[in-house]
Amino acid sequence: MNSATGPGPAVFALALTALIAAPVCAEVTAITGATVHTVGPQGSIENAMVLIEDGIVTAVGNDLEIPVDARRIDAVGKVVTPGLMTPMGQIGLVEVDAVAGTVDFIQRGDQFSAGFDVADAYNPRSSLVAINRIAGITHAVIAPDGASIDQLGNYSRVLSGLASVVHLGDADDYLLDRGVAVIAQLGETGGDLAAGSRAAALMILRTAMDDARDYASNRDAFEQGRRRTYSLSHTDLAALSAVLSGERKLVVDVHRASDISAALRLAGDYDIQMIIVGGTEAWLVAAELATAGVPVILDSIGNLPGSFERLNARLETAAILAEAGVKFAVGGDSFSQNHNARNITQAAGIAVANGLPWAEGLAAITLAPAEIFGLDEQIGSIEQGKRADLVIWNDDPLKLQSYPEQVMIGGRLVPMESRQTLLRDRYLQSESPLPPAFR
Amino acid sequence: MKPVLFLVVTCLAVAGCQHDESADRSSETSSESAFSSRYAALPNETTLLRNATVLTGTGEQLEAADVLMQDGKIAAVGNNLSHEGALVVDASGHWVTPGIIDLHSHLGVYPSPSVEAHADGNEMTAANTAEVWAEHSVWPQDPGFVAALAGGVTSLQILPGSANLFGGRSVTVKNVPGRTVQDMKFPGAPHGLKMACGENPKRVYGFGKGVAPFTRMGNVAGYRKAWIAAADYRTRSEKALNGDGDAPLRDLQLETLVGVLDGEILVHNHCYRADEMAIMLDIAEEFGYRIASFHHAVEAYKIPDLLADSGTCAAVWADWWGFKMEAYDGIVENAALVDKAGACAIVHSDDDLGIQRLNQETAKIIGAAARAGMNITPGHAIRWITSNPAKALGIGDLVGTLETGKMADVTVWAGDPFSVYTKVSRVYIDGALVYDRDDPARNPVTDFTLGSLAQQGGAQ
C-alpha cells in the first residue's frame, strides 16, 4: 500500500491498518470518544463508547467501563454512525455496465420471471464492493434490473425476479436475506414490457398472483398434472406464493401518483406487503401511502419531468413523506446506485437541504431501509445485540467533504483500500522517475 | 453580434492565433452571421450586494466584501463600497461567486421529458457530421434550463452527442428563458466543434452499422482524412479569392472544420482514456489546430503534464465511473491531480441533474483531495466551474470572474457553496435578477411546466 500524504488521517489510517491482520471479531473492541449517532432509541450521544464482541454490539453509552482486554479504537472528535444501506441496486452483479459478460442482473429471453434469483451471481470481490464500502456502504439490496431494455439489448419482465440483502464485508456469509422480495415493474416501464399498456402490466401481475395462490393450495394436483395451465412456471409461482403468504415482499417500481394508487389497491386486494421504489409523485398520495403502511424507496434528487409519469417531480418529496408519516429510504436511483451507491449520503443531504430533519436524513440511509426490508433486528442502528456494522467518519456523514476513516462490518475492520485508492496513490507520485507501472 | 467583440474573444482563446489574418477570414466565413444572437439583457438596476463572502473566480476569497453591479457589468468588488442610488442587498452570511458555467450540457437537445420526439442531440447517421449545429435542435422550453438556473448556472455550452468522430457545432448560451435559441445565444461566444474518441464511434458505426470506424485506429484514420479534406478546401477557397480557380461549392461540413483550422471554432473533444488524449493532441499538432478541452477526461490524471504543456483543459465528473470500459479507471481526485500539475481543470455535468449542483460535485473532489493530502481552497476550486470553463469556451474575457468590467453574471448562495445544505439564493445575468429563491412568483416557468402541481409558482 502506498502512503497517503495527509498527516492526521494518514496516521489514523495506518494505525488501524495494523490492526486488520489480527482477528478483531473474536475479541472485545471499544470505540471511544466519538459522537455516536445510534439511529436507535439512544439517539445521538457525545463522547460515547461502543463496545463490540464477536461481531455484535454489546453496549453503547457514556459511562461504560472498558473491559481490560479490549482492543481500543480512539475516535475522539470523530462521528460514528451505523453502516449505510443502499436500498436497491446491483452491487456485485455488475463490473462494467457495457461489458456484457460482467452483467448478471438482467436476462435475455423469458425463462424466469418472479423466480429469477440473482443472489448466486453476487461477487463479493467486485471492485464496486470495496469502492462503496470504504465510502460507508455496508449493506446492499441486490436485485434484477427493471429496465425495459438495457444498452446490451437485455430486457426485463413485469415480474423481474428476486431481491436479496447482502453485507459488503469479506466474510463468506454475505447473504443476510436471500429472496427478501419480488421485484415488479408497473407504470411506463411495466406498460412497455406488457405490450404497451400499464393496465396490461397490472393484469399480468394480478393474473400471476391468482395463479400463485391456486398453485400454493394445489401443489400436489399441479405435480400430477391435474391443474389448469398457469401464466408462470413452477419456479416463478413458488417465488410469488411466498409474497402471498407474507414471507417476502413485493417491490413495485412506479412513479406516477395514479400508478402508485393502483399498486396500493393491488396490495390491499391480495393483502401483501408492498414497497414502492421510485415514487417520484409519492408526495401527491402521501396520506394514502401512510394509511396503507406502504414504504417508499425514493429517488430524492430527480426534480425534472423526465417522463410523463414524473411530471410532478420535486425535491421536497422526502420532507413531505416524513411529515405524512410514510416510511422511506433514499437511493437506488441512477444517481446513487451501483458504482456510485456511495452518493446516497449526498442524496440524503439534498433531502435535508429541502426540509427533511437531519436525523431523518441519516435514518433514510441506515435504519429505514433495514426496516423496509424487515432486517432491523440485525442492522440499521447501533444497538445492543445488533451486528457491529458501523462507520467512523471524520465529520458529518452527509457533508460532501466527509469520508469514513474506518468501516467495520460484522466487527471486522475493513481494509480502507480499493482499486481507486490504488490508482490515486500511484498517480500522486508524479515525481517518480519510473513509469507508473513500476510505482 | 458585434464583430469587434468576436475577434477579441477568439484571439484570446486561441494561443498564437494570428490576429490580422484570422480577422480577415472570420469576416469571410459565410456561416458566421447565420442564426446570430438576438440575446438582449433583461432590465437591470444598479445593485450593491453587501457584506458577503466573495469568491472572485480569480482564486481569491474576500470576507465582508461588497459587489457592485452597474449597467450589467461588475463595477467594483471590495470592502465598504457604496454607490448612490444603488439597490442595496444585504448579503450577510451569504457567499457570492461568478455565475456557474457548465462546459458540457445537452439541455434543449435532450430535454425533459426525454421522449423520442425530443431526442435531437446525436446525428447518428455518419461518423462525420461536422455540418450539424446543436443550436438547430435546442428546445428553449426544456424545464432543465430553469432548474439549472436554480443551481446558479448562468452560461452553458450545449453540445451534440458523442456517437460521431465529428458530432457537429456546439452553441454557448446564456441561461435566460427565451422563445428561441437565438434569444439565448451568448453574444460573441465562438462556436465549438464536438469531437469524440473511443468506444462510442466504434460501437455505433463499426459494431452497429458495419461501417468505419470499427476500431480506435479507424477513429484516428477518420479524423485525419477529414482534416486533410478541410485543409484542401481551405486552400481552394483561398486561391479562388485570389482569382486562382473557381471557389468550391460551399460545404457545411468542411466549413466547420476550416473554422477550427482558422482558430475561430474551438474543439471540445469527448475523450476518456489518457492514451487516446495523447493521440488527439498529436493529431491537433499534425494539422495545426488546438484542442480547447477534453470532456469526460476520466483518465486526465494520468497525463496532467501533457495537458499542461498543450494548454488543453480537462473537463471531468466528480465520480462517474464503470459504466463502460473506458470509464473503468475513474477516480474522484482526477480534477485535483490535473490542477496540481498546473493544468486547467473543469467540472462539467453532461447531465440535467448534475448541472443543478456543479458546486456539490466540486465539493466531493475537494473532500477526496484533502484526504489524499491536497488542500484546495474554496477560492481556488470555484474556478473549476467558473473561470476555467469560461476560458475553454473562449469567453474568459467576458465572464467567469468578478473582475471589474466583466458581465455581471453572479450567483448568490445562502452559505458556503460547497456545502450540501446550501442553496442558491439569487442569480443575476448581465446585472438583471433572473432568479430569487425568496420570491418564487417572479421566477421563470417554462411553457411545459406551466400549471404543473409541483411547479408551485417557480423554479425548484
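Which residues of α7(A) are buried? In this predicted model, the buried residues of α7(A) are A:A257, A:D259, A:I260, A:A263, A:L264 and A:A267. They lie on the same side of α7(A), because they cover an arc of only 155° around the axis. The face turned away from this buried side carries the exposed residues A:G268 and A:D269. The cover over the buried residues of α7(A) includes the helices α3 (187–193), α4 and α8 (286–292) of chain A, together with the strands β10 and β11 (274–278) of chain A.

The length of α7(A) was also examined. This helix of chain A runs over residues 257–270 and has 14 residues. At 1.5 Å a residue it should span 20 Å, and its end C-alpha atoms are 20 Å apart, so the expected and computed spans agree. The helix is followed by A:D271, which has a positive phi, near 55°.

A second helix of chain A, α6, covers residues 234–244. Its buried residues are A:D236, A:L237, A:A239, A:L240, A:S241 and A:V243. These residues pack against three strands of chain A, β8 (159–167), β9 (175–185) and β10 (249–254), and against α4 of that chain. Just after α6(A) comes A:G246, with a positive phi of about 85°. Both α4 and β10 thus appear again here, among the elements against which the buried residues of α6(A) pack, and they are also part of what covers the buried residues of α7(A).

The nonpolar core was considered next. In soluble globular proteins, nonpolar side chains tend to be buried together. The largest nonpolar core of the model has 284 residues. The residues with the most contacts inside this core are A:V50, A:I142, A:V182, A:I276 and B:A314. The largest share of this core, eight residues, comes from helix α4 of chain A, which covers residues 198–217.

One of the residues with the most contacts inside the core is A:I142. Leaving aside neighbours within four places in sequence, A:I142 is in contact with A:G89, A:Q90, A:I91, A:G92 and A:L93, with A:V118, A:A119 and A:Y122, and with A:A163, A:S164 and A:V166.

The two chains also touch each other. The contact takes 42 residues from chain A and 41 residues from chain B. On the side of chain B that touches chain A, α3 (143–150) and α10 (358–371) of chain B each supply at least two residues. The most is given by α10(B), with seven residues. By class, this side of chain B has 21 nonpolar, eleven polar and nine charged residues.

Key
Residues are numbered from 1 along each chain as its sequence is written. Chains are lettered from A and ligands numbered from 1 in the order in which they are written. This is a predicted model: local features need pLDDT of at least 70, side-chain atom pairs count only at pLDDT 80 or more; totals for chains, interfaces and linings use all residues. A nonpolar core is a set of buried Ala, Val, Leu, Ile, Met, Phe, Trp, Tyr and Cys residues joined through C-beta atoms within 7 Å. A residue is buried if 20 or more other C-beta atoms lie within 10 Å of its own, exposed if 12 or fewer, and partly exposed in between; C-beta atoms are placed from the backbone. Helices (H or I, at least four residues) and strands (E, at least two) are DSSP runs, numbered from the N terminus. Two residues are in contact if their C-beta atoms, placed from the backbone, lie within 7 Å. Ala, Val, Leu, Ile, Met, Phe, Trp, Tyr, Cys and Pro count as nonpolar, Asp, Glu, Lys and Arg as charged, and the others, Gly among them, as polar. The expected span of a helix is 1.5 Å times one less than its number of residues. The arc is that of the directions from the helix axis to the C-beta atoms.
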